[in-house]
Amino acid sequence: MGKIKGAVEVNTNRCKGCRLCVIACPSKVLAMSKQVNAKGYNYAYMENPDACIGCASCAIVCPDGCISVYKVKIEE
Amino acid sequence: MSEEVRLMKGNEALAEAAIRCGCDGYFGYPITPQSEVMETLMKLKPWETTGMVVLQAESEVASINMVYAGAGCGKRVMTSTSSPGFSLMQEGVSYIAGADLPALVVNVMRGGPGLGTIQPSQADYFQTVKGGGHGDYKQITLAPKSVQEMADFVGLGFDLAFKYNILTVILADGLIGQMMEKVVLPPYQKRRTEEQIRKECPWASLGRTPDREPNVITSLELEPEPMERRNIALQAKYAEIEKNEVRFEEIMTSDAEYLLVAFGSAARICQKAVEVARAKGMKVGLLRPITLFPFPYGKIKELGNQVKGILSVEYNAGQMVEDIRLAIEGKVPVEHFGRTGGIVPTPGEVLDALKDKIIK
Amino acid sequence: MTTNDIMKPENLVYKKPKLLNDKTMHYCPGCSHGVVHKLIAEVIEELGLEDKAIGISPVGCAVFAYKYIDIDWQEAAHGRAPAMATAIKRLLPDRLVFTYQGDGDLAAIGTAETIHACNRGENIAVIFINNAIYGMTGGQMAPTTLEGMKTSTCPYGRDVTLNGYHLPISNLIAQLEGTRYVTRQSVHTAAAVRKAKAAIKKAFMNCMEPEKKGASFVEIVSTCNSGWKMSPADANVWMTENMFKAYPIGDLKNS
């Protein structure tokens, strides 16, 4: 059985910290950083990257198009 | 081809001319006394011949915004209306000015204010020449005096509109719209191809080709400095038009001691008054502004050095007279004679007014 | 396998569409407008209509839609977008002509233009963002504001004796012979976004059919978390609990 592994890349400069991606993630991968970007927003980041399945739910609901999603199938 | 001479109403001639001068679209709403424009177009079905679009809109508000959009595509588009409808259009008129778009609007004036009357009037002079909508803007204003000019000014109006990217208004009155006269219709001119439009109007929103940035038709600018720059550019354009496009007709002015100034059908009445006066040995002349914006201030100022007094004859309570006074700067008496409510004065009344108010 | 190993171009499965440019959108954090803009850009790209699309932006928060999606646009006077779309589509029948309007623009000041363009059966698409409030002017009552809902011009809640009822305009639009597709969608979950995208795609494809078969109308029930004075997450919850009762999600007409 192959295993799916994903990763997301957040454009932290573009992120407005709305948190909708955090809520949309079914695997609880994302969280809001304590750091702020140049506009003063706390941005999303992968707090738990190992859990990411690359489903893109976070990116799909993101109102600002900040998230790129990567996915690989790992053969065991 | 020999000239096509027809007997027709001003409104009908205007519609025929629109098809012939390569108009791409007409968007209108019925209102007396200009409804024959759309009726004629619908009867002629130009979409089957030249491909011109004709559409009856749900209101003048919609029709002027259809014109705004069509102009934004670089198309030769127009509408026609009468005074209350022109009031409704002022929103779109201001947007067209703000977005630097070329278009043609015809106002066949009727008496106001309010619902007023369906009879002829010239009471929308201020609204048209001074700007009836919001913001600092002007529009080229052509005042036809005959059915022939109703036909001729369509092509001229479009040419001027596209020369300066500005709205041209044909400011006619109910008399010109409704009366029948002999008219020579302009020859057929092909509608421009899309390729031509893309070349002549590189700003047009026709769909973005890969070789250019998106074209956006807008009058919006939130930052004050660029908004002021837009306004300065508009004013420069208006100044250029004032320099280049003043049009007027002079009748027996060279030796005139008294001057009548009138536009549109009122100038026809004044022309007769001049003939009657001359027959009685009175040296009366007539100046007819053809463009109301740009207004012939210079010519009037020049004539002010020659005549003893000026009478402005208008179908209103005194509007153009203010511009004549601006030109004359108090050098000679300038008075107004007008009838309102849809009443058209006779040449005799004009001469009586000249005697009462000027010659004394 | 590390995250860096996964983040390689060949593994990319989702990113912002190119047509949605890199300018930061002026919308508030969590605003539905951003999602719908992204969907429009994705659909135009997928249909390959970049050179055919002409959008009409409204007056309201989305007035600057033209800054973010790199196609040709015209910016309408308040409420007049459907009249403008009518003219453009008639003058250029092979273009994709769509309006993007909010509820104040479409269902208050532009009701006449909306109804008549739809009733004439114009081959246009109308994207209608319904967040039950005026966003740009600072949260005033809209025709779509729910009974009892508080806004800055009904601070004690919308009172039907004073202001009448919320206006479900898509239901009216669906009654018109001139419309072929009327649907109500939302963009609050990934599944909802996928459906909304399918709806926009269908609407845009309808517009490109050469025969004039009627207008396509896509309402997106949306949040205005700033106007509603909630967090984006709470606004989504409030929307599902309150807005969806007044504006049920689904197709109203699909012919």
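**Chain contacts and domain arrangement in a predicted three-chain model**

Strand 9 (residues 216-217) of chain B pairs with strand 3 of chain C in the parallel sense over 2 bridges, where strands are DSSP runs of E of at least two residues and helices are runs of H or I of at least four residues, both numbered from the N terminus, and where pairing requires that DSSP finds at least two bridges between the two strands. Within this arrangement, B:Val216 stands opposite C:Trp73 in strand 3 of chain C. The model is a predicted one, in which local features need pLDDT of at least 70 and side-chain atom pairs count only at pLDDT 80 or more, while totals for chains, interfaces and linings use all residues. Residues are numbered from 1 along each chain as its sequence is written, and chains are lettered from A and ligands numbered from 1 in the order in which they are written.

Among the 2 pairs of chains that touch, chains B and C share the most contacts, two residues being in contact if their C-beta atoms, placed from the backbone, lie within 7 Å. This contact takes 31 residues from chain B and 28 residues from chain C. On the side of chain C that touches chain B, two or more residues come from each of strand 2 (53-57), strand 3 (72-75), helix 4 (81-91) and helix 6 (111-119) of chain C, and helix 4 of chain C gives the most, with 7 residues. By class, this side of chain C has 15 nonpolar, 10 charged and 3 polar residues; Ala, Val, Leu, Ile, Met, Phe, Trp, Tyr, Cys and Pro count as nonpolar, Asp, Glu, Lys and Arg as charged, and the others, Gly among them, as polar.

Chain A and chain B, by contrast, do not touch, and their nearest C-alpha atoms are 20 Å apart. Chain A is in contact with chain C, with 29 residues from chain A and 27 residues from chain C taking part. Strand 1 (3-10), helix 1 (20-24), helix 2 (57-61) and strand 4 (67-74) of chain A each supply at least two residues of the side of chain A that touches chain C, with strand 4 of chain A giving the most, 6 residues. The residues on this side of chain A divide into 16 nonpolar, 7 charged and 6 polar. Strand 4 of chain A also pairs with strand 1 (residues 12-14) of chain C, in the antiparallel sense and over 2 bridges, and A:Tyr70 stands opposite C:Leu12 in strand 1 of chain C.

The secondary structure of chain A comes to 2 helices and 4 strands, which follow the pattern β-α-β-β-α-β along the sequence. The radius of gyration of chain A, taken over C-alpha atoms, is 13 Å, close to the 11 Å that the globule rule gives for 76 residues, so chain A is as compact as a globular protein of that length; the globule rule is 2.2 Å times the number of residues to the power 0.38.

For chain B, the domain assignment, which is automatic or taken from a database, gives domain 1 (5-194) and domain 2 (248-359). The centres of these two domains of chain B, taken over C-alpha atoms, are separated by 27 Å, and the contact takes 24 residues from domain 1 and 21 residues from domain 2 of chain B.
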